[in-house]
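Me: I'd like to go through this model with you, one question at a time. Could you give me your reasoning along with each answer?

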Amino acid sequence: MSERAQLETLLLQQGLVAQAELDAAIAIQSKSGKPLGRVLIDLGHIAEADLVAALARQVGLDFVDLADQAIDATVAGVIPESLARRYQALPIYWDEDGKLVVAMADPSNVFAIDDVRAITGADIRTVVATAGQVQDAIDRFHRLDAEVDTIAQEAADALGGNEDIANVGEIVEDAPIVKFVNLLIAQAVADRASDIHVEPAEKDLRIRFRVDGVLHEVMRSPKAIQAGVISRLKVMADINIAERRVPQDGRISLTVAGKPIDLRVATLPTVFGEKVVMRILSKDQALLTLDDQGFLPDVLERYRASFTKPYGTILVTGPTGSGKSTTLYATLNILNEVQRNIITVEDPVEYRLGGINQVQVHPKAGLTFALALRSILRSDPDVVLVGEIRDRETAVIAVEASLTGHLVLSTLHTNNAASTPLRLIEMGVEPFLVVSALDCVVAQRLARKLCERCKEQYQPSEAELLAAEWPMETIGDWPVLSRAIGCSACGKSGYRGRFALHEVMPMSEEIERLIIEGRSTDDLKKTAVMQGMIPLKLDGLRKVGSGMTSLEEVFRVVA
């Protein structure tokens, strides 16, 4: 029997695929030449882990799910990282018989087994894992931290403890410093960090990463490398390295693990030296869709009704770091068609989008939001994105632009949708202009998503539901909720990834009348809710009910 026929029989016997699914996959496989197993995975008929487990059983080997398997960090390090990556093999623990258990993507590779045996001097027992899980586990356990620490010490020794070095040119080209900075950025990308904080302290240099909106300290390095690291980053970002008294900003473009990455760099003079913060801008983030943002279907329909209109002003509001820009970019991705002229004015331009004209403001040269916006309106735009409305002049021009037939998208710092019209009036925009131009307000927050690997379902008590003001009348029966536990896949945090909570307030005649009458934010909110707006907190509770996040996380981000 051929290898493919054996696989077909195995999958059918174990009930992993139906005959019709197998026939469809065979037809595709005969044309494409891909392995049958890969075709079945690509079609979604079988998970890679299930396929590998079935194959392992066929040859009498054990299958391990490395996302759930406890891995001994000291055991994982008994073979060099280069060997682990070359053979896609990782030692995971010692068994009761004193054998070294090694997870492998290809357990038939006798050369790999022989090399691991020779290096460790141990008897080897192989178990099977998917190639992706072995790669992820190697990334986790052969982190760059140890190498970074070693290089930091090398750099400190090379600099001889002299912090304030006059010959900056030598320092920034110093090999250990260059390698330290490159490894630091690579580690941040591997950890899914959104920001890197390089912070001078009194006696050392602290490095922190922001992952899923929360800062984590990752290392402390010798004070002696501070000047070299900061100067190296400033050179990469094309920032004046001689100027240390005032804040500066720049940009770095590089490729990490085969993916293009942009870093927005900002320096800040502190009492212990210049702090550097780098915002990591992955090109993938700019290509997100609104579905990826976490919009519930009914909420998305309310928003879609506004951004598909030919004119009007749409404002996305929320605090810094709440994903406002990402929502606007996702909206632009939908509107970006050849028949539309889309122009943005931003400070800074975070993501470069094909087919869209993006303008960077330059206040020092006199190019402010207001001036850039006036110029844009002479360039025949259909859609205008203003990065942020910061002052009266920008607000008035944006509002007037929508009244003259343009669709204007922008952001504003307010806590909820209902307070946004009043904020514009406080900025000096006439109430009649606000009600004429404003079409929709979206308020949002970013919440962490529960890790799919380790989240645990539970039945909440009545007291918990009462404290959360759980809306039984709108969400239904007694809920089954999920909570964070923590595993190796999520770095023990219980959360992996983020999504947005939204409230969408389209303008109606009733809301416009309340604005003209100068009524309070509470009055506007009550009317909007009566007309179908789902408040931020309720949107969060609906997502808790669907198992996306936890009650604790919603109350962390929504007051």
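Me: Is arginine 245 buried or exposed?

Reply: Happy to start there, keeping in mind that this is a predicted model. A residue counts as exposed over 50% relative accessible area. Arginine 245 has a relative accessible area of 69%, so the word for arginine 245 is exposed.

Me: Which residue forms a salt bridge with arginine 245, and how far apart are the closest N and O atoms?

Reply: The partner is glutamate 243. Glutamate 243 has a relative accessibility of 15% and so counts as buried, whereas arginine 245 is exposed. The closest N and O atoms of glutamate 243 and arginine 245 are 3.0 Å apart.

Me: How many salt bridges are there?

Reply: The rule asks for a side-chain nitrogen of Lys or Arg within 4 Å of a carboxyl oxygen of Asp or Glu. The pair of arginine 125 and aspartate 62 is one that qualifies, with closest N and O atoms 3.3 Å apart. By this rule the count comes to 31 salt bridges.

Me: How many residues apart in sequence are the parts that arginine 125 and aspartate 62 tie together?

Reply: Arginine 125 belongs to strand S3, while aspartate 62 sits in the loop between helix H4 (48-58) and helix H5 (73-76). Arginine 125 is partly exposed at 25% relative accessible area, and aspartate 62 counts as partly exposed too, at 45%. Their salt bridge therefore ties together parts that are 63 residues apart in sequence.

Me: Which residue meets arginine 448 in a salt bridge, and in which helix does that partner lie?

Reply: The side chains of arginine 448 and glutamate 553 meet at 3.1 Å, N to O. Arginine 448 lies in strand S15 (residues 438-450), so the pair ties together parts that are 105 residues apart in sequence. Both partners are buried, arginine 448 with a relative accessible area of 15% and glutamate 553 with 2%. The partner is glutamate 553, and its helix is H25 (residues 551-557).

Me: Now to the sheet with S3. In what order do its three strands stand, and which are at the edges?

Reply: The three strands form an open sheet with mixed pairing, in the order S1-S2-S3. Strand S1 (89-94) and strand S3 (124-128) each have a single partner strand, so one side of each is left without a neighbour in the sheet. Neighbouring strands are turned by 30° against each other on average, direction ignored. The order is S1-S2-S3, and the edge strands are S1 and S3.

Me: Where is the pairing parallel and where is it antiparallel?

Reply: S1 and S2 form a hairpin with five residues between them, and glycine 98 in the turn has a positive phi of about 80°. Proline 91 has valine 102 as its bridge partner in S2. On the other pairing, leucine 100 stands opposite isoleucine 124 in S3, and valine 101 stands opposite arginine 125. S2 (residues 100-104) and S3 pair in the parallel sense over five bridges, while S1 and S2, also over five bridges, are antiparallel.

Me: How many of the five residues of S2 are buried?

Reply: Leu100, Val102 and Met104 point one way from S2, Val101 and Ala103 point the other way, and all are buried. Strand S2 is therefore largely enclosed by the rest of the structure. The count is five of the five residues.

Me: Which helix lies across S1 and S2, and at about what angle to S1?

Reply: The helix covers residues 131-141 and lies across both strands. Helix H8 is the one, running at about 70° to S1.

Me: What is the relative orientation of H11 and H12?

Reply: The axes of helix H11 (residues 175-190) and helix H12 (residues 226-236) come within 9 Å and cross at roughly 70°. Residues making the contact include Ile177 and Phe180 of H11 and Val229 and Leu233 of H12. Angles of 65 to 115 degrees count as roughly perpendicular, so the description of H11 and H12 is roughly perpendicular.

Me: What is the distance between the end C-alpha atoms of H15, and how many of its residues are buried?

Reply: At 1.5 Å a residue, the twelve residues of helix H15 (residues 324-335) should span 16 Å, which agrees with the model's end-to-end distance. The buried residues include Lys324, Tyr329 and Leu335, and H15 is largely enclosed by the rest of the structure. The end C-alpha atoms are 17 Å apart, and the buried residues number nine of the twelve.

How values were computed. Residues are numbered from 1 along each chain as its sequence is written. Side-chain values use heavy atoms; hydrogens and water are left out. Two strands pair if DSSP finds at least two bridges between them. Helices (H or I, at least four residues) and strands (E, at least two) are DSSP runs, numbered from the N terminus. Axes are lines fitted to C-alpha atoms, for helices over the stretch in contact, and angles run from 0 to 180 degrees between N-to-C directions. Contact means heavy atoms within 4.5 Å. Buried means under 20% relative accessible area, exposed over 50%, partly exposed in between (1.4 Å probe, protein chains only). The expected span of a helix is 1.5 Å times one less than its number of residues. Angles under 35 degrees count as roughly parallel, over 145 as roughly antiparallel, 65 to 115 as roughly perpendicular and the rest as oblique.
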